[in-house]
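Hi there,

Here is the structure I promised to pass on to you. Please have a look at it first, and then read my notes underneath.

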Amino acid sequence: MLSPEEIQEIQTALAHCESNFAAGLDALKIVQRRRGWISDETLQEVARFLEMTPAELDSVATFYSLIFRRQVGRHVILLCDSVSCWVMGYESLFEALKKRLGIGFGQTSADGRFTLLPHPCLGACERAPVMMIDDELYGPIEEEMIEKILARYE
Amino acid sequence: MSKNRIQLMLCGGTGCHSTGSKKFEKALQQELEAKGLAEEIKIVETGCNGFCAVGPVMLVQPEGIFYQKLKVEDVPYLVEEHFLKGRPVKKFFFVEQKNKATIPHMNDIPFFSNQVYRAMRNKGVIDPEVIDEYIAREGYFGAAKALNEMTPEQVVEQIKISQLRGRGGAGFPTGMKWAFAAASPGEEKYVLCNADEGDPGAFMDRSILESDPHAVLEGMIIAARAINARQGYIYCRTEYQLAIRRLDIAIRQAKEYGLLGENILGSGFSFNIDIYQGAGAFVCGEETALMRSIEGKRGMPRPRPPFPAHKGLWDKPTILNNVETLANIPQIIIKGGAWYASIGTEKSKGTKVFALSGDVNNIGLVEVPMGLPIRKLIYDIGGGIPGGKKFKAVQLGGPSGGCIPEHKLDTPIDYEEITKVGAIMGSGGAIVMDENTCMVDMARFFMDFIQDESCGKCTPCREGTRRMLELLEKICHGEGQDGDIQSLEALAEVIGQSALCGLGQTAANPVLSTLRFFREEYETHIKEKVCPAKRCVALLKFEVNPEMCKKCGLCFKACPSEAIAWKKKEVAVIDKSKCVKCMSCFDKCKFDAIF
C-alpha cells in the first residue's frame, strides 16, 4: 500500500504533469526515496495509482539506471567512470573500492550497507575522480580517504 | 544592492562545496560576528566561479581581491589582517606557475583575463538565490523588452542577426530553429531547456544553472514569446541536485515577481516553467529521446523528420535549446543581435564555454571568444600540463567528438574548423591528456561508455559498437591481428551511416579520430605488442631497465605487494610472482625505467 505521504507527493507531481504517464518516473522516484528500491509489489501499487498497467510502468522503470528494480544496499555508491575521471585515476579508485567492499559493480556488500554502481559522468570533472554516495558528491578522491568517507554511512 | 561595506563572494559551486567551502563559510561568519563586523561585511554564496582548480575561492568586492585554497584554520588571520587592518593577505593570493609571482586582483589572473563573459557574466558575482541581485544586473530587462516592445517576429529576427548557434553540440542556428517553430501552426507549443548534460568531461550547464539560474529562465521566457508557447520544461539530470534546488528557488521567485505565470509584466502574455528530472540515461540528452522521457515513456530517440519544430513534445511544435544557448539570449535582446555577432569568426559568433579537465593545471570553467586558437585555451588559460609532462591530445565533444593532437593545436575555436580536424565543438567538454595516455585505451574507454549508454533501439549502435569494443579490447590485451584496424574502420562507416540518432551516428568518432592522428599507436599495439604510453597492462613486462634505472628506490616504496627488491645504490628488481600489476611503480618512476 502506498502511504498517505507517498500519495500526497505523487499527487503534487501529477499537478505539474499533463498526463498520468508523464508522472510515472517522478512517482517511482518518490517511492524509491522512501523504500530504497522498486519491488514488483511496489511497481504494481504505483501503476494502479496512476491507472497504468504494471508493464507500462515497468518499461519506464527498467529504462533508467537510477530506478532500482533489484534490492540495493542502504547506500548506493555511484562511481563515475567517465573519461575525465579515468584520466585522473578512476581505475585504481575502482580497484581500491572493490577490495575494501569485497564487491564489484552491481553488487551489494555482505552487510547490506553499500551497493556499488558505475555511473557515466557525474558532471563534476573539476573534482575528478569522483563518486556520489546517495546525494553527496566526493572528490577528488585518494585511496587513503575511502575509509573515512565510507565510515560516514551506517 | 546592499549597504555593506564589503561583500565576500564565496564560491558555492559543487567543486568548492566538496573542498569545504560550507565549513569555511560558517567559520568566517562566526568570526565576523565575534569581531563585530557582521553588519558591514556580508558573505554571499555565489554559483560556480569557474576556477575550481584552486577552490574554495572567494572574491572580495568591491576591491576585486581574489583568495584561493581557503581553509577553516585561516579564518581568524584573514579577518584580522584584511577586514580589521585593511591589509590583503598575500599568502592566499593566486600564484602564477611560471615565475611564482602572486596576483592579488581577479581580473589580472590570466585564467580570468583571457576570458570574455557573456553566458557566464553573472558567475561568482551575484547570489543565485536572490532574484534582486540578478535584476540589478539587467536581469529580466530582455524579457521585458521582448514582451512589451517587440513583436515575436522582431525577437526571432534579432536572434537570427546574432548568428547564435546551438551550444549543446550540433551548432544548429538558434534563430532558424525558432523561426520554424514560430511558423508551425498550432495553439499549443512548448519551450524546452536541455539540462541533461551527460557528455563525459562536460559540466558547463551545471555551473551556469548553479550560478545564474534566472538567465536560463529569462532565455526561456523570450523563446516562449518568440514562438508563442505557454508552457516550458527544464529537463535536468537528477544528479545535479544543487542546480535543481537553485532552479526551484528561481522559478518560485520569478512567479512572486510576476515574471512567470499569467499576464507577465502586464503584457497579456502568460508562460510557466516546470522542472522535469531524469533518472540516469545518457541518451535522454538527444532531443527526441528527451521529449519521450517527459511524456513518461522510455527515453528512446525516434527518426527525424518530423522535426520537433513541427512535431515535438506530445506532437506539438517544440523548441529545445541547451542551457548555455538560453543563457545568451537575454543579452542579445537587450544589446541587439549585431552586438553579439561582433566577436567571433565568420560562421561562429560570440563566445563558447568550455569545461577544462584532465591533465591541465587550471581545471575549471572558462568562456572564450570564438576564433581563439585551442592552444591558447590550454596553455594561456588552462596553464598548460602539470608535472612538466608533454601534451598529447585534447578530447573535444565527448563520445561524439574527437582528439586534437599537438600539431593541430592552432585550430581556432570554430564549428567548421574543429570539424575539419575530426573533432566537434560539442557541448564544451575539453579533456586534456598528457603523454602517459594511451590513445587506443582511451578509444576503448569511450566505446565502453557508448556500449553502456546505447539505448538499444537500433542495431548499428547496439551491436556495431559492441563489435568495435571487442576489437579494441583485443588490441589492448595484446591479441590484435592484421586487419583489425580495417574492421574498425568498416564498422565505423556503417554505424555512422545507419544509426538512428545523432548519438549513434557519431558513436565511432573517438575511434576514427584517434586512428587519424595516432594510427601508429594502434599498429604498435597490434604488430609489436607494445603500448608506447605504457598504459595497457597486458602489454607491459613489469621489468626494470638497468640502464635507465637511477636506483632511487621510489618504485620500491610505492609497491603495495612487496614485489620489488631494492637497496641503496642498486638497480631495482621486480619479482613477477608477487607483482599484482597495479601500475604504482610506473606512476612513481620518473626515469621511464620500468617497461
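Below is what was found, beginning with chain A and ending with a pair of helices in chain B.

Please keep in mind that this is a predicted model.

Chain A has seven helices and four strands. If you follow the chain from its N terminus, the order of elements is α-α-α-α-β-α-α-β-β-β-α. Its C-alpha atoms fit a box of roughly 50 × 30 × 25 Å along the principal axes. Of the 154 residues in chain A, 55% are buried. As for the outside, chain A exposes about 7000 Å², and 50% of that comes from carbon and sulfur atoms. Contacts along the chain are also worth a look: among those between residues at least 6 apart in sequence, 59% join residues at least 24 apart.

Now to chain B. How do helix 19 and helix 21 of chain B pack? Helix 19 of chain B covers residues 484–498 and helix 21 of chain B covers residues 509–528; the angle between them is about 160 degrees, and their axes are 10 Å apart. Angles over 145 degrees count as roughly antiparallel, so this pair is roughly antiparallel. The crossing of helix 19 of chain B with helix 21 of chain B is right-handed.

On the helix 19 side, the contact residues are D484(B), I485(B), Q486(B), L488(B), E489(B) and A492(B). Helix 21 of chain B contributes V511(B), L512(B), L515(B), R519(B), Y522(B), E523(B) and I526(B). Sorted by class, this contact holds eight nonpolar, one polar and four charged residues.

Enjoy exploring, and best wishes!

Terms used. Residues numbered from 1 in each chain as written. Chains lettered and ligands numbered in written order. Predicted model: local features only at pLDDT ≥ 70, side-chain atom pairs only at ≥ 80, totals over all residues. Heavy atoms only, no water. Axes fitted to C-alpha atoms, helices over the stretch in contact; angles between N-to-C directions. Helix = DSSP H or I, 4+ residues; strand = E, 2+ residues; numbered from the N terminus. Parallel < 35°, antiparallel > 145°, perpendicular 65-115°, else oblique. Left-handed = near helix turned anticlockwise from the far one by under 90°. Contact = heavy atoms within 4.5 Å. Nonpolar A, V, L, I, M, F, W, Y, C, P; charged D, E, K, R; others polar. Buried < 20%, exposed > 50% of the residue type's maximum accessible area, 1.4 Å probe, protein only. Areas by Shrake-Rupley, 256 points an atom, 1.4 Å probe, with all protein chains shown as cover.
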